[in-house]
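This report describes a ligand site and the pocket associated with it. The sequence and structure are shown first.

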Amino acid sequence: MATERTFIMVKPDGVARGLVGEVISRFERKGLTLENVRMLEIDEELARRHYEEHVEKPFFPELLEFITSGPVVAMAWSGESAISVCRGVMGATDPKQATPGTIRGDLGLMVTHNIVHGSDGPESAARELGIFFG
Ligand code: DAT
Ligand code: MG
C-alpha cells in the first residue's frame, strides 16, 4: 500500500452540465486530496497526446470532437492507492454498465459523454500529470 498521485479530468459534458463540484465532492468525500486544478480547453494536438493509445481506434474521431468541444477541469489527486480508488469512484467506461453509486453510473448515459477521465495505472498517471501539470 502506498500513496499515489493520479490525473483526473472533468470532461466537457461534466463542465457544461455543472457537475464539477459534484465530481470534486465525490473524490473529497472518499478521502482523497486535491493537489492541483486547472481549467483549460484541449486542442487537437493535446488530445492526440493525452489519448495516444486511442488515436487509431474507430471511436477516436468522435472522442476527439467531444474532448475539444469545450472547457475541461484537469486535476491532480493523491491518496492511498489513489489510481485504482479513483477508477472505482468513477465507475465503468460505459455509463450504461457502470454501477449505481459511481460517478458514471449515477450521472451518465453515453460512453463518449462519460463525464470524467482518470488515469488507468502508474505509468499513465505519471505521463498524464506531466502533460497537464509538467
Ligand atoms: P476510460 O476512460 O474508462 O479509461 P478508455 O481509456 O478505454 O476508457 O477510453 C477513453 C475514452 O474513449 C472513454 O472514456 C470514452 C471513449 N470510448 C472508449 N471506448 C469507446 C467505444 N467503444 N465507443 C465510443 N467511445 C469510447
Ligand atoms: Mg483510459
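## The largest pocket and ligand 1

In this predicted model, 19 residues line the largest pocket, and those nearest its centre are Lys11, Tyr51, His54, Thr93 and Asn114. The volume of the largest pocket is about 350 Å³. Several secondary-structure elements contribute to the lining: helix 4 (60–67), helix 5 (82–90), strand 4 (116–118) and helix 7 (122–133) each provide at least two residues. By class, the lining of the largest pocket comprises 7 charged, 7 polar and 5 nonpolar residues.

Ligand 1 occupies the space of this largest pocket. The residues around ligand 1 are Lys11, Tyr51, His54, Phe59, Leu63, Arg87, Thr93, Arg104, Val111, Thr112 and Asn114. This shell divides into 4 nonpolar, 4 polar and 3 charged residues.

Polar side-chain atoms of three residues approach oxygen atoms of ligand 1 at the distances below.

| Residue | Side-chain atom | Ligand 1 atom | Distance |
|---|---|---|---|
| His54 | N or O | oxygen | 2.8 Å |
| Arg87 | polar atom | oxygen | 2.7 Å |
| Asn114 | N or O | oxygen | 2.8 Å |

The protein buries 76% of the 510 Å² that ligand 1 exposes when taken alone.

The two descriptions can be read together. His54 and Asn114, each with a side-chain N or O atom 2.8 Å from an oxygen atom of ligand 1, are also among the lining residues nearest the centre of the largest pocket. Arg87, whose polar side-chain atom lies 2.7 Å from a ligand 1 oxygen atom, belongs to the shell around ligand 1 as well.

Notes
Residues are numbered from 1 along each chain as its sequence is written. Chains are lettered from A and ligands numbered from 1 in the order in which they are written. This is a predicted model: local features need pLDDT of at least 70, side-chain atom pairs count only at pLDDT 80 or more; totals for chains, interfaces and linings use all residues. Side-chain values use heavy atoms; hydrogens and water are left out. A residue is near a molecule or strand if one of its heavy atoms lies within 4 Å of it. A polar contact is a pair of N or O atoms within 3.5 Å; within protein, one must be able to donate a hydrogen and the other to accept it, and residues adjacent in sequence count only if both atoms are side-chain atoms. Accessible areas come from the Shrake-Rupley method with a 1.4 Å probe; for residues, only the protein chains shown count as cover. On a 1 Å grid over the protein atoms alone, a cavity is a set of points where a 1.4 Å probe fits but cannot get out, and a pocket is an open set with protein on both sides within 12 Å along at least five of seven lines; lining residues have an atom within 4 Å of a point. A molecule sits in a cavity or pocket if more than half of its atoms lie within 2 Å of its grid points. Ala, Val, Leu, Ile, Met, Phe, Trp, Tyr, Cys and Pro count as nonpolar, Asp, Glu, Lys and Arg as charged, and the others, Gly among them, as polar. Grid points are joined across faces, edges and corners, and a volume is the space filled by probe spheres set on the points. Helices (H or I, at least four residues) and strands (E, at least two) are DSSP runs, numbered from the N terminus.
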